[in-house]
Amino acid sequence: MNSSWSYVSIAAVSLLQVMLVLLGGPLLLGLMRKVRCRMEGRVGPPIRQPLLDLRKLAGRERTRPEHTSWVFPLAPVVLVATTLVVAAIAPLLATNPAFGWSADLFAVVFLFLLGSVSLALGALDTGTAFGGMGASRAMTIGALAEPALLVAILALSVPAHSSNLPAIITRSLAHPAWLATPQRVLALVAFVIVIIAESGRLPVDNPSTHLELTMIHEAMVLEYAGPDLALVKLAESMRLVVLLTLLADLFIPWGIATAPGPSHLAVALVATVGKVALLGVALAAFEVTVAKLRLFRVPELLAGAFVLAILAVLSALVVP
Amino acid sequence: MRARPAEVADPGDVSPGVQSAAQRLRGSLQLRHVDAGSCNGCEMEIASIFSPVYDAERFGIRLEASPRHADGLLVTGPVTRNMAEPLRKTFEAVPRPRIVVAVGDCARDCGVFRGAYGVEGAVSDVVPVDLEVPGCPPDPAAIVRALRGLAGT
Amino acid sequence: MTPALLVATALAGLAASLAGAVTPDRLRIRVSTSLTIGACGCALIAGINILHSGHPAVVHTTALMPLSGFSLALDRFGALFVVISAVVGICALVFRLGYIGHGLGSRTASCILPLFVTTLLLVPAASNVTTFLFLWELMAITSLLLVLTDHAHRGEVQVAAQWYAVMTQLGAAALILGLVLLATRTGSQSFAVIALRSAHLPTWVRSTAFVLALVGFGSKAGAVPLHVWLPRAHPEAPGPVSALMSAAMVNLGVYGIVRVGMGLLGGGPTWWWLLVMFLGALSAMFGSLHSATSRDLKRLLAYSTTDNVGLMLLGVGASGLFASTGHRALAVVALVAALLHVVFHAVFKGSLFLSASSVQQATGSTDLDGLGGLLQRMPVSGPIFLVGGLAIAALPPFCGFVSEWLLLQSMLHGLPSSDVAIAVAMPIGVGVLALTGGLTAFTFAKAIGIGLLGLPRTDGAERATEVRRPMWVGAGLLALLCLVFGVAPFLVIPAVVDAAGVVTRFHSAGALTHGWQIGLPGVPGMLAPGLLALGLLVCTGLVALARGLVRRSPVRLTEAWGCGRELQTARMEYTATSFGEPLTRVFEDVLNPSRDIDASHIAESRYYTEAAVIHTSLEDAFERHLYRPADRGFQRWGALARRVPNGSVHRYLAFGLVALIIVLVVLA
Amino acid sequence: MNGSSYSSALTLAAGAVLVCAVAILWLASIRSVIKMVATQGIALGLVAVVLGVHLRDAGLLAAAAVVIAVKGVAIPLLLGRASGGDSGSRESRPLVNVPASLVASAALIVLAFVTGRSVARFVGTTAGALVPIGLATLLIGFFVLVARRRPTFQIVGLLMVDNGIALTAFLCTAGFPFLIELGVSFDVLLGVVVLMVLSQRLRIEFGDIDLDELRELHD
């Protein structure tokens, strides 16, 4: 990282990134909901609806089943905290956020895993059948998505000789030719499948289902109310934004700020918001056209993603 | 090609309780639907308020799976003996401050089923009701209009 | 000074076992345990001293042992394992002070336990073939006897001990053959001389010796397909013993493979290390799969030991592969990653097994389907198990994450490489690492979620209370180490780098740690686990504060939402079996669970069933396809052989005569 | 004793031991077999005497005396009394009939000489050269143990094995410390006594004690 970055600008970048994720998350969900409704021929709620929901939920009463331990209330806090840490150090807007040298792609994956495990533990603590069912399904899908995710990361890290995110992005900016190699495309497809599985979107899991038995992520949070529920919904949207931004930065990195200074940051902000909005709309449009997969067809999808990721790495052998 | 959403009248004047709820909710109303013994006529109407024609969602109104996530209950039908206890439990499960909307004549005063052996009473006999929508079944626009009053949009 | 400490360790251990046998009942446990802790203390100081100073400690006496005498030489590599065994030993023994279950109070147990701990401390120091084999056998026998301490109460302990005895002795036989082959071929018993002369041995000798050592040490480490005894013996062993076996004894298997493979033979052709990686990958996946779907807590932990040993072997295999293709710097990094995983595995597996034993003592059973709600009933042992679980699932603030990250890094930096073996092995290695990581996260979400949280499922769990102080102090110490190493791995990494350097005889240029961060020399991008932990702490604090400010009214305790149902009982909760059911279905062809249903019909007509009982069981695939047929084969041979001695004296004498004649003919 | 007469006397004595061994195989009746094992004991004692005189070693002479006393006299006497019951009876159906036994003993002797040669070269002394004879006696003793049904013959076979070992020891180490010989002899004596008590008990229990009937006893 060149030393032209003063501490102030680094801190500013991280702060900006956290604000982007905090506000951008709900807005992105609102936008995606709007696109869905539009494609279904409805007017649909305003884009800021998720923000309204969060504000109202924050004001409601917190409830907790009698026999639960301290894990139940702590789980949503840890879930949001892990996403915040990733948002602070990952290069979303600029290639040199605070402690950017420590923003390792594997570390990001394991931080997300910590969030998912804490939510699953919170669900199991309720002692209800839905909590157990949601946790079991979410952890199964999480476990099966892990190989595809890590090998896809391997495919991205190999040309950059490091799994550090800023390094990968600066290297791929320097060699635009890399972005068109089959290795990148295969890794991209694997990444998209895993993002859909991790963030619980269709076709893996239907966030707006009311039938408990078909839920995966929703079933875990049935017991949360008021501010806890607000945290969970916020975390859900923040994770989706972070994942989509990482996807954008890794595969279409143009526009990310590589030098300090407000002008670069402004350009980066606009570029990133644009790219993420575009990806969000594409994801929403895709969701409308596809139906939910049966739970035991999801492993086949994830196995497919894993094979694609392995091909991505091996193709580095064939195509120099 | 796209169906034009039906015009839904503004809520007009509402009771003070609903007014205070509207202040609190400000555009985000989540309800948990409980069928306390209805003949499903009201359910048909409720289903249609989320259709593209009436589209209650554009006013920030949604149904939720779990009472914990909801601001209140949307109850239809007279409260039968078997559904009395579950209704009470569901009402108890909603975090405070909570509201109950009774939809349809059965929910208001047991309608045609008044005095039937299996009916325990109207919804107001089991849980405190804040808003009632008359009609058997009530017109979807009326339901949306009432809920808009609650949501304050 | 350190040689004196080594001798002090041995003497203290013997004194402790003597005290265990002699002193009267009241004093016995206290005296023998404190003496053994003294022995561990001496070994710990000696180990740290050698790790720090670097020049090995040599103790040599020809009095005790025939042939080549009893000689110990502790270099940095051995010292690392001595330190691990000492730390785990101290914690397990502190735990033992409070532990009353499992017949550990008997005279024989308190006499043998110190012996077992002493052998754990001395095996890494043995420096010639006879001493090594003597200590190895002593370790095997003492651990076998300790597994048997509880055989009076439970029948399956004998079966488990049988499996354990057969497997360890098979491994020991392979080991003896390998080492003796090496010793005879190089003409000397001392490891140092063998290491010098082994270079110009014929390749078939080196390969046979390596494969035999791999089999011998692999069976002790619990690598597939020699792992079958591990999930049987560990659950039956008493608490502290199973912790010692899983956290200390298993490491010696990995120690042996690295000592023979890299130390004595100085590396070898690539197929050796591909074999090690293949075994590692198989063990990792098989172990993690079975631990994800097993119901008994200790069996789950035992299978996860096989899984972690698989990861260690992956690291060792990758290191050997790099060394054999010339990338020596990367070889050291991979070996450091593997050894770091040994250190961290000892710490979190030790705390897990100890807290599992506390759970067993508090609730009377380790069957996850019968536990639940223990986090509130055991306010100290519960969080310890939670910390251990999160550490083994490689989650950030704890130590498992650091070693998993380093393993991934060492495999990542092997690519892009022109060598086909590396180019294929590394991605598959990362895939296996990832799947194992995912399954381990699943397993310990299950173990913690079902075991500690929710409603207690049996009255054993209902009435559980916190265990005695020494027990959670012992387990807590190890859990604390999990957190400390997770946040500040630079305390351990330099020592591990030196140890790896000693055994591969190649000192890598760049250090792996720069202050708070870990990173590979000359590669952009580091990892600062301490920073991540700090970040997590700050963010959690901020979010919790925000939630507190937004809504200050107290939390309302309500009944859990069950669709308005009357009663919310523990029977409606998910159990370990149901939690693992989706995974069992996904991996059905590997696990092939057996499921038989027997329904009893009412008298009048067959169409109405009165009651139906379903039995599901997951049998170890290796057991069914490898060990059962071998078992049947031996039975048949046994029956055949029994027909020969039909009781006639003459036939027996004839055997003697024929044998004599054969011997004479052979001699002539 | 000068060289040539010493070696010829030694060869004569050792040869006598071997001949007795072969004779035992040949004879069938118990009484003659017992007499033959006594002569073998005495011949063994003579070998010890010749060696003792040649090496002027008092220990050896004392050992010879013990050998003659125990193996030449005491044991055959005990055997005679123990087999009083069936003294007249012959080895009715030996497991291996006499001609086959003799052929086997010839083979055993050849084997002993082939394998004994390397030991003889190793020992190097004139006594050493006769080691194959000791080996042959041992093998034949073992053969008697295997090929005879009656327990008394088993005891005789055991004695012959012991004589073979003692002979080899005398010839190999050219002298046998007196204490060891004393120990060995008394062991053999004890063995014989125990076997005799056993065979008497068997006879009382089963009448005619034929080892093959014992086969039904196995599980």
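**Chain D**

I started with the contacts inside chain D: of those between residues at least 6 apart in sequence, 73% join residues at least 24 apart. This is a predicted model, and I read every entry here with that in mind.

Next I looked up the secondary structure. I found seven helices and zero strands in chain D. Reading along the sequence, I noted the pattern α-α-α-α-α-α-α.

Then I checked burial. Chain D has 219 residues, and 43% of them are buried.

**Chain A against chain B**

I turned to the contact between these two chains. On one side I have 24 residues of chain A; on the other, 20 residues of chain B.

Which elements of chain A give two or more residues to the side that touches chain B? I got α2 (49–58) and α9 (226–251) of chain A. The largest share comes from α2(A), with four residues.

I also sorted the residues on this side of chain A by type. Nine are charged, eight are nonpolar and seven are polar.

**Chain C**

Last, I looked up the domains of chain C. The domain assignment gives domain 1 as 278–507. Domain 2 is given as 592–643.

How many Å separate the centres of domain 1 and domain 2 of chain C? Taken over C-alpha atoms, I have 33 Å between the two centres.

**Recap**

For chain D I keep the seven helices and the absence of strands. For chain A, I keep α2(A) as the source of the largest share of the side that touches chain B. For chain C, I keep the two domain ranges, 278–507 and 592–643.

How values were computed. Residues numbered from 1 in each chain as written. Chains lettered and ligands numbered in written order. Predicted model: local features only at pLDDT ≥ 70, side-chain atom pairs only at ≥ 80, totals over all residues. Contact = placed C-beta atoms within 7 Å. Nonpolar A, V, L, I, M, F, W, Y, C, P; charged D, E, K, R; others polar. Buried ≥ 20, exposed ≤ 12 C-beta atoms within 10 Å, placed from the backbone. Domains from an automatic or database assignment.
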